[in-house]
Structures are given as C-alpha cells and as structure tokens.
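Dear colleague,

Please find below the structure that I am handing over to you, together with its sequence. My findings follow directly after it.

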Amino acid sequence: MEKERISPQQAAAMVEDGMTIMIGGFMAVGTPGKIIDALLEKGVRDLTIIANDTGFIDRGIGKLVVNKQVKKIIASHIGLNPETGKQMSSGELEAELVPQGTLVERIRAGGAGLGGVLTRTGLGTVVENDKQRVMIDGQPWLLERPLQADIALIRCSVADLAGNAMFNKTTKNFNPVMATAARLVIAECESIVPMDHAAADRYNTPGIFIDYLVKGE
C-alpha cells in the first residue's frame with residue numbers, strides 16, 4: 001500500500017501545542033529541515049522534544065529553541081547552540097540530559113513495549129536523581145523508563161512509495177529507532193522511488209512504521 005505524500009506544511013499542521021515530538025538527527029545531520037521550517041512558520045508552542053541534541057542556532061532543532069517554541073528538551077547534550085544554555089539558565093527551558101546510550105535504549109524500549117532498561121551508567125551522579133535503583137546479584141542498577149512520543153519527525157535518504165526507508169551513512173543516527181516509538185511517524189525524504197527500486201534488505205526501516213512521506217531537499 002502506498003503511503004500518502006504530504007507537504008512540509010501539512011506535516012506541521014499535525015503538530016499541536018504541548019505535544020511530545022521525537023526529531024531525528026545528530027548536530028542537524030539527518031534532521032528533517034523542511035518540516036522544522038514549517039513548524040517555525042506555524043508557530044506551534046510548548047513542545048517537548050526528544051532528540052540527541054539541539055543542533056545549532058540556525059540549523060535543525062536549534063531554530064525551534066531560538067524561536068522559543070520548546071518547553072522541554074530530553075537530549076544527550078545541547079549541541080553548539082548557546083541559546084539552549086541561556087534558556088536553561090533563565091528557567092525558560094526545562095532540560096533533561098540523558099547519557100547518549102541510555103537515551104537511545106529508552107527510545108528503543110518505548111518502541112518495543114518494554115517497561116524500561118537497566119543500566120549502571122549514571123550511578124552516583126546527578127543522573128540518578130529521582131530514579132529507582134534495582135539490585136541484581138548484589139549489584140545496583142538504574143531503572144530508566146521508556147520514551148514515547150505523539151509524533152516522530154525523521155529524515156531518510158530514500159523511501160519507496162510504501163514507506164520503506166534507507167538512511168545514508170551518519171544520517172541514520174536516531175532516525176530508525178524513533179520511527180518505532182511514536183504514535184505517528186512522518187518521514188522527510190531526499191528522494192521517493194518506486195517500490196521495486198531496491199532489494200528489500202537494503203531498507204533500514206520497514207514501511208509499516210511510517211505513516212506519511214514528505215519530499216525534502
């Protein structure tokens with residue numbers, strides 16, 4: 001079955017104030033820039049964004065931060081975006097910083113329907129605050145809760161008409177795992193090709209996870 005192809009503006013129209021959004025990318029590499037620009041135009045507010053980082057002032061998620069459309073960020077680091085740090089210090093932006101491996105596993109747990117993951121990363125640090133310790137064979141572990149979102153906005157290199165997606169090199173990053181952990185998934189694609197364009201095993205993410213396709217750059 002072919003996936004519906006929509007514009008960036010139509011994608012942005014599905015995002016409402018106060019939603020929790022996963023956005024793929026690593027320092028804006030593999031981030032759906034056309035959809036982010038459409039979100040800027042729409043002016044949606046009070047977003048909770050789950051992402052690896054907040055990019056740059058003028059690229060990626062950072063543009064939403066600069067425009068003060070983000071209420072909370074759950075990320076591994078703020079990226080090269082001093083505006084994020086400024087808003088964190090002033091109390092305008094709530095930030096939950098999560099070790100990168102833990103972040104991706106929490107998203108994976110959300111996609112797999114698991115109750116969480118156990119890790120020793122963060123024991124004895126501020127990462128442990130307000131988290132449950134679990135003892136296994138006499139050793140302490142931290143229980144990290146799963147992460148899910150209302151919408152995941154991802155970017156792929158190529159998608160076929162059925163939504164099967166492949167990601168080129170480092171653009172893959174968080175995109176495939178985020179596609180499993182949201183109620184609605186919108187993929188911005190560099191190119192959209194016929195269903196017989198490539199062998200099935202070349203695709204990283206099955207089309208069953210993707211709801212809409214947006215033609216990107």
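In this predicted model, strands β9 and β10 form a hairpin, with four residues between the two strands. Within the turn, G163 takes a positive phi of about 90°. The two strands run antiparallel and are joined by two bridges, and V158 stands opposite M166 in β10.

Strand β9 also has parallel partners. Its pairing with β11 is parallel and extends over ten bridges; here A152 stands opposite V185 in β11. With β2, strand β9 pairs in the parallel sense over three bridges. Two residue pairs may help you to locate this pairing on the display: I21 stands opposite I151 in β9, and M22 stands opposite A152 in β9. How many of the twelve residues of β9 are buried? Eleven of them are, and the strand is thus mostly covered.

Strand β2 pairs in addition with β3 (residues 47-50), again in the parallel sense and over three bridges. In this pairing M22 stands opposite I50 in β3. Between the two strands the chain passes through helix α2, and the resulting β-α-β crossover is right-handed.

Helix α2 spans residues 33-42, and its buried residues are I35, I36, A38 and L39. Why do these residues lie on the same side of α2? They cover an arc of only 160° around the axis, and this places them on one and the same side of the helix. As a general point, an α-helix has 3.6 residues a turn, so residues three or four places apart point the same way. The elements that cover the buried residues of α2 include the helices α1 (8-13) and α3 (62-66), together with the strands β2 (20-23), β9 (149-160), β11 (182-193) and β12 (212-215). Just after α2, G43 has a positive phi of about 80°.

A further residue to inspect is K72, which is located in strand β4 (residues 70-75). Is K72 buried or exposed? Its relative accessibility is 18%, and K72 therefore counts as buried, the cut-off being under 20%. Apart from neighbours within four places in sequence, K72 is in contact with L47, T48, I49, L93, E94 and E96.

A separate part of the model is an open sheet of three strands, with the order β6-β8-β7 and antiparallel pairing. Strands β6 (117-119) and β7 (132-136) stand at its edges; each has a single partner strand, so one side of each is left without a neighbour in the sheet. On average, neighbouring strands of this sheet are turned by 45° against each other, direction ignored. Five bridges join β7 to β8 (residues 139-144) in the antiparallel sense, and the bridge partner of Q132 in β8 is L143. Helix α5 packs on the sheet and touches β6 and β8. The direction of α5 makes about 160° with that of β6.

Helix α5 comprises residues 100-112, and V104 lies within it. Leaving aside neighbours within four places in sequence, V104 is in contact with F174 and V177. The C-alpha atoms of V104 and M178 are 8.6 Å apart in space, while the two residues are 74 residues apart in sequence.

The loop between α5 and β6 contains G115. With a relative accessible area of 56%, G115 is exposed. Residues up to four places away in sequence not counted, G115 touches R145 and P146. The C-alpha atom of G115 is separated by 20 Å from that of A152, which is 37 residues away along the chain.

Finally, I summarise the protein as a whole. It contains six helices and twelve strands. The radius of gyration is 17 Å, close to the 17 Å that the globule rule gives for 217 residues, so the protein is as compact as a globular protein of that length. Along the principal axes, its C-alpha atoms fill a box of roughly 55 × 40 × 25 Å. Of the 217 residues, 50% count as buried. Among contacts with a separation of 6 or more, 71% are between residues 24 or more positions apart.

Yours sincerely

Notes
Residues numbered from 1 in each chain as written. Predicted model: local features only at pLDDT ≥ 70, side-chain atom pairs only at ≥ 80, totals over all residues. Heavy atoms only, no water. Buried < 20%, exposed > 50% of the residue type's maximum accessible area, 1.4 Å probe, protein only. Contact = heavy atoms within 4.5 Å. Arc of directions from axis to C-beta. Pairing = 2+ DSSP bridges. Right-handed = clockwise from strand over helix to strand, strands pointing away. Axes fitted to C-alpha atoms, helices over the stretch in contact; angles between N-to-C directions. Rg over C-alpha atoms; globule rule 2.2 N^0.38 Å.
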